[in-house]
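Here's a friendly look at how two parts of one protein meet. Take a moment with the sequence and the 3D view, then read on.

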Amino acid sequence: MTQPRLGFIGIGLMGTPMTRRLLAAGFDVTVWNRTPAKAAPLGEAGARVAGSIAELVEGVDVVLLCLANTAVVEDVVFGDGGVAQHGRAGQRLVDLSSSDPASTRDFADWLESECGMRWVDAPVSGGVAGAEAGSLAIMCGGDAEDIEALRPLLAPLSARVTHMGPVGSGQVTKVCNQMVVGCQAAVLAEMVALAEASGVDATRLVEALSGGFADSKPFQILTPRMATSDFADPPWHLRTLLKDLDMAVAQSQRSNSATPMSGLAAQLMRAHASRGHAGHDPAILVEAYRLLGEGDEA
C-alpha cells in the first residue's frame, strides 16, 4: 500500500523531532513554518520545505499540525491563505496540538464544510524526550475509519495510540492529562520549598521517594530541576501548562464538573507567569515559594 504524503506545519520543540522520526520511517514529508529558518534543518534532513501553506496542502494527503494554542490553529487552518482555502475532499487534518475541545469540534465541522477535509484531534503526551524516542502517548478523537487509516503514520511517533471517541475527545483526554501534570507541578514546588525551609537536602528527594506512591514522571523530571534551580534550556514552558489548565477550567464549566485543584494551580501559575516567568520551565514555580519564605524572614 502506498504511503500517504505528509505535510507538517509547526516546526518547534515537538514538531522538529516528530518530523525527523517520520522521515526516518520513510515517509515523504513536506514542512512549513512561519519562521522559515526553523524548517531549514529539516530540509537538509530530507523534507521538502514549502514556501506557503497552499504549496504544502496541494502536495500532500495528510496535514499534521503541532502549534502553540487554539488561536494559532484557527489562524493556520482558517486564516487567509490557510489550509481550508486549499484543502480537498479525501485529505485528512491531524491536530497534534493541545487545543480547546469545543473549538476543535467547531473547527472539524467548519473544515469539512469548507473543503471536505476530515479532522482528527490527536494531542500527545511525553514531551520532547518522547517525541525524540517515538514513545509519545497519542489520544485521538474522530471517526474510527479515520483513526485506523492514520495508525501507520502515527506509529513512528508513539508507544500507544488510543481512540477516545468522536472529534474533540482526544482534546478532552489531553486536558485530563494536563490537570494531573499541572497540579503535580504546583505541589512539587511546595514540597521542594518545604524540604529546603525545614533543613532537608532537597536534591536527595528523588533518591528517597523513587518507587514509592509519590513517584511519577513529573516528579522525576521537575524535582531535580527545582532542587538545583536548573531552569535553563526548558523542554517545555510555564505558559503552555497554564494554557492547558485554563482549558480544563473552561471545559469543567461546559460540562458542569468541578475542577477546584486545577483552578488553584492555574492561578498560582498565572501569578508567577505575570512576574516574567511565562517562558521559563515550570520548575521555576519553586521560586514563588522561596520568595514567600524570604518574606517571612524579613
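## A term to start with

A salt bridge here is a side-chain nitrogen of Lys or Arg within 4 Å of a carboxyl oxygen of Asp or Glu. Keep that in mind for the interface below. One more thing before we go on: this is a predicted model.

## Two domains

The domain assignment splits the protein into domain 1, covering 6-166, and domain 2, covering 172-288. Take the C-alpha centre of each domain, and you'll find the two lie 27 Å apart.

## Where they meet

So how many residues of domain 1 are in contact with domain 2? It's 16 residues of domain 1, and they touch 13 residues of domain 2.

The size of an interface is often given as the accessible area lost when the parts come together. For domain 1 and domain 2, the buried area comes to about 1,100 Å². Carbon and sulfur atoms give 59% of that.

## Links across the interface

Going by the rule above, there is one salt bridge across the interface of domain 1 and domain 2. Asp-100 forms a salt bridge with Arg-254, and their closest N and O atoms are 2.8 Å apart. The interface also has five residue pairs in polar contact, with both residues at pLDDT 80 or more.

## Domain 1's side

Which elements give two or more residues to the side of domain 1 that touches domain 2? They're helix H6 (101-115) and strand E7 (124-125). H6 provides the largest share, with three residues.

Sorted by class, this side of domain 1 has nine nonpolar residues, five polar ones and two charged ones.

Notes
Residues numbered from 1 in each chain as written. Predicted model: local features only at pLDDT ≥ 70, side-chain atom pairs only at ≥ 80, totals over all residues. Heavy atoms only, no water. Domains from an automatic or database assignment. Contact = heavy atoms within 4.5 Å. Buried area = accessible area lost by both parts, 1.4 Å probe. Polar contact = N/O pair within 3.5 Å; in protein donor to acceptor, adjacent residues only side chain to side chain. Helix = DSSP H or I, 4+ residues; strand = E, 2+ residues; numbered from the N terminus. Nonpolar A, V, L, I, M, F, W, Y, C, P; charged D, E, K, R; others polar.
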